[in-house]
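Me: I would like to go through this model with you, one packing arrangement at a time. Please reason briefly before you settle on each answer.

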Amino acid sequence: MTDTTLSQTPRGSRLHIAIFGRRNAGKSSLINALTNQNIAIVSDVPGTTTDPVYKSMEILPIGPVVLIDTAGIDDIGELGSLRIEKSFAVLAKTDLLLLVIDPAAGVDTYEESVIEKAKESNVQVIAVLNKIDLYPETSMERFAPLMNIPVVPVSALTRQGIDDLKMAMIKSAPKDWVAPTILGDLISPGDTVVLVVPIDLAAPKGRLILPQVQTIRDILDNDAIAVVTKERELKAALSNLKSKPRLVVTDSQAFLKVAADTPKDVPMTSFSILFARYKGNLVTLAEGAKAVENLVPGDKVLIAEACTHHRVEDDIGTVKIPRWLRQTVGGALDFKWVSGLELPSDIKDYKLVIHCGACMINRKEMLHRLMVARNAGVPIVNYGVLIASVLGIFKRALAPFPEIAGILEDMDE
């Protein structure tokens with residue numbers, strides 16, 4: 001991902017994660033391990049990090065974050081005291097705190113002061129027991145002061161435990177942590193967005209479904225204009241506009257007709273893809289779509305929905321998607337369907353997980369599900385991204401999103 005892409009999400013809209021710990025506990029090494037990049041200076045010299053350093057980064061599958069690298073909480077001297085004071089000042093803007101601990105040093109008043117100050121600021125703390133590659137037999141009895149907070153053993157050097165830490169970060173993130181906007185960063189004030197809303201057997205009588213309502217509100221909140229039409233009236237709606245719309249958003253099931261009726265120079269996507277980005281991580285789900293190319297008849301595929309609903313005759317999850325996949329693969333697949341709040345405990349035997357649009361769960365829960373799939377080594381995709389892929393319009397449907405540029409470029413090679 002390029003710096004230009006990262007700058008698309010304002011710093012104030014990112015999850016702020018502060019990294020605390022003594023000098024040489026491995027704070028900078030942990031940042032490098034979390035981001036899978038060498039972005040923080042690592043040195044054996046204590047005190048390499050002085051004032052807090054803010055780094056806007058992407059952590060998959062969590063998404064855009066600000067990592068705050070702080071000075072050592074055991075810094076010495078008058079200058080060291082000032083550095084510690086500046087470090088604690090960042091708690092006012094911190095959503096989640098990672099307390100990095102060197103097993104050789106143990107836990108003392110330094111760590112206890114961080115936990116206490118974080119508690120006063122209502123900031124959740126995760127203790128990161130670093131360097132377990134050097135101390136594999138570390139006894140947890142030495143860390144009694146940490147018993148009331150999550151403790152995750154890791155090795156920033158070997159990356160052991162890093163995925164477990166990401167899972168803990170998702171679980172511990174503030175409950176009201178959400179992506180900043182559904183499509184506000186894709187449009188400008190005064191732009192027109194055309195929304196294509198089919199009215200069929202699956203549509204609730206007398207109302208729109210939640211993702212459609214939320215998208216309309218997001219357009220209005222960003223001082224743009226929403227035009228709503230059914231797929232049969234799309235051509236007429238477009239011809240009535242004095243200028244081309246900035247974006248056309250459709251229900252995924254009307255993709256082919258909308259793609260045919262929308263001029264090629266007008267960006268187009270779906271509600272489900274917008275929500276793949278809003279509720280989860282679009283890069284992870286777009287990568288998951290590549291797994292369709294490797295499916296062969298007989299493979300096990302899990303279709304997961306976060307809620308239960310009345311199924312219609314031509315249901316998207318139980319009828320249409322299985323039919324499209326069988327046509328793509330050229331044979332029968334072994335499908336399993338689950339609905340509700342949890343994925344099955346063991347999904348390692350599946351070749352692909354296909355998730356719904358997640359309109360009834362929050363972002364934290366969706367990211368948790370992405371992490372479960374990642375830990376199991378199973379690709380995961382959502383309905384909208386998958387449908388775009390099997391219908392042959394993946395590149396067009398994903399083109400409006402700058403974070404997907406790298407994936408689309410790889411497809412061109």
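Me: At roughly what angle do the axes of α9 and helix α13 cross?

Reply: This is a predicted model, in which local features need pLDDT of at least 70, side-chain atom pairs count only at pLDDT 80 or more, and totals for chains, interfaces and linings use all residues. Residues are numbered from 1 along each chain as its sequence is written, and side-chain values use heavy atoms, with hydrogens and water left out. The axes of α9 and α13 (residues 383-390) come within 7 Å, where axes are lines fitted to C-alpha atoms, for helices over the stretch in contact, and angles run from 0 to 180 degrees between N-to-C directions. Their crossing angle is roughly 130 degrees.

Me: Which word describes how α9 and α13 lie to each other?

Reply: Angles under 35 degrees count as roughly parallel, over 145 as roughly antiparallel, 65 to 115 as roughly perpendicular and the rest as oblique. With axes that cross at roughly 130 degrees, α9 and α13 are therefore oblique.

Me: Which residues of α13 does α9 meet?

Reply: Contact here means heavy atoms within 4.5 Å, and helices (H or I, at least four residues) and strands (E, at least two) are DSSP runs, numbered from the N terminus. From α9, the residues involved are Ser272, Ile273 and Ala276. In α13 they meet Tyr383, Gly384, Val385 and Ala388.

Me: In what order do the four strands of the open sheet lie?

Reply: Two strands pair if DSSP finds at least two bridges between them, and the pairing in this sheet is parallel. β7 pairs with β8 over five bridges and with β9 over four bridges, while three bridges join β9 (residues 247-250) to β10. The order is β8-β7-β9-β10.

Me: Which strands of the sheet does helix α9 touch?

Reply: Helix α9 (residues 271-279) packs on the sheet, and its direction makes about 75 degrees with that of β10. The strands that α9 touches are β7 (192-196), β9 and β10.

Me: How many of the five residues of β7 are buried?

Reply: Buried means under 20% relative accessible area, exposed over 50% and partly exposed in between, with a 1.4 Å probe and protein chains only. Thr192, Val194 and Val196 on one side of β7, and Val193 and Leu195 on the other, are all buried, so both faces are covered and the strand is largely enclosed by the rest of the structure. The number of buried residues in β7 is five of the five.
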